[in-house]
Amino acid sequence: MSSVPVSRSAPLPAPLVPDAPLTALAPMQDVTDLAFMGVIAHYGAPDYFFTEFFRVHAQSRPEKHILRSIDENRTGRPVFAQLIGEDIPHLVRTARELLCHPVAGIDLNMGCPAPKVYKKNVGGGLLRDPEKVDEILGALRDASPGLFTVKMRIGFDTTVHFERILDLLNKHSVDLLSLHGRTVKEGYRSDVHYDFIARAVERAKCPVLANGNLTSAATAVRVQGETKAAGVMIGRHAIRNPWIFRQCRERFSGQPVSAVTLSDVREYVERLYRATQQPGLAEVYHVNKMKKYLNFVGQGVDATGAFLHEMRRTETERQLFEICDRHLLAEPGRIFADEPYPGVIARPNCETPSADADGCSLESITA
């Protein structure tokens, strides 16, 4: 494997394995919090973490629960703070506030596909306006003496501005690009255009992380090889399989890949449940949040979707773990599927995000 390219303005934090392709956990609203980062790290941390996005506007202040994922992080891995917004003075103000915390760098979200987000001309909505992108990148580059990174998609509804925006990233010496190989309008439903990631690798002067439907370590290694990306960024498939970053490193180095059993998955569910419990939160609400995680886990439990069908109907902790025990401990040594079973959909009623859904959250990330 090729070594990680050197950044133009500042070196990126070293990966866990020297000269190996990078791995990163994608920022996901309501997912990549302090608790989830800790659980992921237990099974094999990525090289880099990215926070949920800090919403930036005139009245905003960095959300305290997101700051915890920076200030109280004990994973030992760098954490980049992600911003979403279009008000330049307040983006600069927020970036400077965050630089007072132990962040690895500032990351700009130009990819969130939620209608309620892009209609405000933030997130993926910025990709319609290269002139605005130029202004924001310049201001945040000036405000960020260390690492400044960007996460984006290949376009809004077309790729007409793709090369132009890549050139703007070069102009403003962006240090790392995480590129999801779909347009904003394609959401999470279309095939991923990995050829555009390869084009970005050739044109951009910074390292590029390939992102989009990286379902397993084998898929991640294949896509990294095809695109020549500096590494991979994985989101919802790390919810399903928190061992995926360790497995990626094993595949990158040619080692045997660690097998995961259903018993291992049962232990993961327990760990995740306890880590994400909050004082004062009613049991039913915590169970409902767990079911959102388990929508992804269930894609690798059985080919019929029986676990998902029964799990979604639980209302109490006892019911939830009874279903988990029935499906995960009946054959504890059975191997957990590396890839999602065909046709077993995480959220079958939410394939098309509504205008009110947060397209970067557990509510609508589906495929």
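How are α12 and α14 oriented to each other? Let's start there this morning, and please keep in mind that we are looking at a predicted model.

Helix α12 covers residues 283-297 and helix α14 covers residues 317-328, and they pack at an angle of about 30° with their axes 9 Å apart. Angles under 35 degrees count as roughly parallel, and α12 and α14 are therefore roughly parallel to each other. On the α12 side, the contact is made by Glu 283, Val 287, Met 290, Lys 291 and Leu 294, while α14 brings Glu 317, Leu 320 and Cys 324. By character, the residues of this contact divide into 5 nonpolar, 3 charged and no polar.

Let me stay with Cys 324 for a moment. Its relative accessible area is 0%, so Cys 324 is buried. Cys 248 also counts as buried, because its relative accessibility is 0%. As for disulfides, the structure holds 0.

Now to the barrel. Here 8 strands close up in the order β1-β2-β3-β4-β5-β6-β7-β8, with parallel pairing. From one strand to the next, the twist averages 25°.

I'd like to walk you through one stretch of that barrel, starting at β3. Strand β3, residues 79-84, runs parallel to strand β4, residues 105-110, and 4 bridges join them. If you want a landmark, take Phe 80, whose bridge partner in β4 is Gly 105. Helix α3, residues 88-98, packs on the sheet here, touching β2, β3 and β4, and its direction makes about 160° with that of β3.

Moving on, β4 and β5 run parallel and are joined by 6 bridges. In this pairing, Asn 109 stands opposite Lys 151 of β5. From β5 we carry on to strand β6, residues 176-180, again parallel, with 5 bridges between them. There, Thr 149 stands opposite Leu 176 of β6.

So what about the surroundings of β5? Helix α5, residues 130-143, lies across β3, β4 and β5, and runs at about 155° to β5. How many of the residues of β5 are buried? The count is 7 of 7, so β5 is largely enclosed by the rest of the structure. Both faces are covered: one side has Leu 147, Thr 149, Lys 151 and Arg 153, the other has Phe 148, Val 150 and Met 152, and all are buried. Notice that the buried residues on the first of those sides include Lys 151 and Arg 153.

That's my tour, folks. Thanks for listening, and I'm happy to go back to any of it on the screen.

Conventions:
Residues are numbered from 1 along each chain as its sequence is written. This is a predicted model: local features need pLDDT of at least 70, side-chain atom pairs count only at pLDDT 80 or more; totals for chains, interfaces and linings use all residues. Side-chain values use heavy atoms; hydrogens and water are left out. Axes are lines fitted to C-alpha atoms, for helices over the stretch in contact, and angles run from 0 to 180 degrees between N-to-C directions. Helices (H or I, at least four residues) and strands (E, at least two) are DSSP runs, numbered from the N terminus. Angles under 35 degrees count as roughly parallel, over 145 as roughly antiparallel, 65 to 115 as roughly perpendicular and the rest as oblique. Contact means heavy atoms within 4.5 Å. Ala, Val, Leu, Ile, Met, Phe, Trp, Tyr, Cys and Pro count as nonpolar, Asp, Glu, Lys and Arg as charged, and the others, Gly among them, as polar. Two strands pair if DSSP finds at least two bridges between them. A disulfide is a pair of cysteine sulfur atoms within 2.5 Å. Buried means under 20% relative accessible area, exposed over 50%, partly exposed in between (1.4 Å probe, protein chains only).
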